[in-house]
Amino acid sequence: MMGAIAIHTDITSTKREREELRRAYETKDELYRELKGQTAQLNAVFEAIPDGIFIGDTMGIRRCNAHALELLGVTDLEALQANLPTLLGKFNIRWADTGLPIQPEDAAFARAMQGETVTHELIHTNPQTGEESIHRSSAAPVVLDGKVLGAVAVNTDITASVMARMKVEALN
């Protein structure tokens with residue numbers, strides 16, 4: 001006698017899971033494309049700002065724009081990372097109101113790493129020319145879930161505006 005065996009398997013749930021997985025991949029791809037687009041926009045903003053921007057964490061400066069490199073007289077991030085303490089020391093950075101040297105722990109970036117948002121006015125002396133300039137150094141912590149992950153510092157040369165203000169005050 002011959003017989004037959006028939007096995008019926010309900011694959012409805014497998015098809016449903018496969019469809020959910022396909023949709024999840026599509027969503028992931030869409031989110032990735034959106035993230036890439038937003039990153040490109042932020043990179044353009046980052047480079048368009050005419051101030052020196054530094055982004056870092058406890059390990060040091062991780063990213064900066066071209067203006068930051070120019071400000072410190074280096075050509076790339078690796079040179080900045082390798083020589084930052086030496087570079088900053090050459091600029092004889094002092095408080096604008098007292099002329100006293102700024103201590104490393106009082107620097108805007110260091111204070112932002114402690115969770116503070118700060119703005120300082122500082123005098124910088126160009127090590128090559130000896131010319132002094134006044135800079136506004138602002139920094140804010142990068143916080144996620146209540147934890148400081150790093151900091152962003154912005155350095156703006158405000159010499160021209162301070163000098164103009166002083167001239168106006170002198171005329172009055």
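Q: How much area does the protein chain expose, and what share comes from carbon and sulfur atoms?
A: Keep in mind that this is a predicted model. The protein chain exposes about 12,300 Å², and carbon and sulfur atoms supply 57% of that area.

Q: What share of the residues is buried?
A: Here you count residues under 20% relative accessible area. Buried residues make up 25% of the 172 in the protein chain.

Q: Which helices and strands should I look for, and in what order?
A: You'll find five helices and six strands. Starting at the N terminus, they run α-β-β-α-α-β-α-β-β-β-α.

Q: Why is the protein chain described as more spread out than a compact globule?
A: Compare its radius of gyration with the globule rule: the chain comes in at 27 Å, well over the 16 Å the rule gives for 172 residues, so it is more spread out than a compact globule. Along the principal axes, the C-alpha atoms fill a box of roughly 115 × 35 × 30 Å.

Q: How do the strands pair up, and in what order?
A: The general idea is that strands of a sheet pair through backbone hydrogen bonds, either parallel or antiparallel. In this case six strands make an open sheet, ordered E2-E1-E6-E5-E4-E3, with antiparallel pairing. Strand E2 (60-64) and strand E3 (94-95) are the edges, each pairing on one side only.

Q: How many bridges join strand E1 and strand E6?
A: Five bridges, in the antiparallel sense, between E1 (residues 52-57) and E6 (residues 147-157). To trace one, start at Gly52, whose bridge partner in E6 is Asn155.

Q: How far apart are the mean positions of the positive and negative charges?
A: They're 7 Å apart, taken over 17 positive and 24 negative charges of the protein chain.

Definitions and conventions
Residues are numbered from 1 along each chain as its sequence is written. This is a predicted model: local features need pLDDT of at least 70, side-chain atom pairs count only at pLDDT 80 or more; totals for chains, interfaces and linings use all residues. Side-chain values use heavy atoms; hydrogens and water are left out. Helices (H or I, at least four residues) and strands (E, at least two) are DSSP runs, numbered from the N terminus. The radius of gyration is taken over C-alpha atoms; the globule rule is 2.2 Å times the number of residues to the power 0.38. Buried means under 20% relative accessible area, exposed over 50%, partly exposed in between (1.4 Å probe, protein chains only). Accessible areas come from the Shrake-Rupley method with a 1.4 Å probe; for residues, only the protein chains shown count as cover. Lys and Arg count as positive and Asp and Glu as negative; His and the chain ends are not counted. The place of a charge is taken as NZ of Lys, CZ of Arg, CG of Asp or CD of Glu. Two strands pair if DSSP finds at least two bridges between them.
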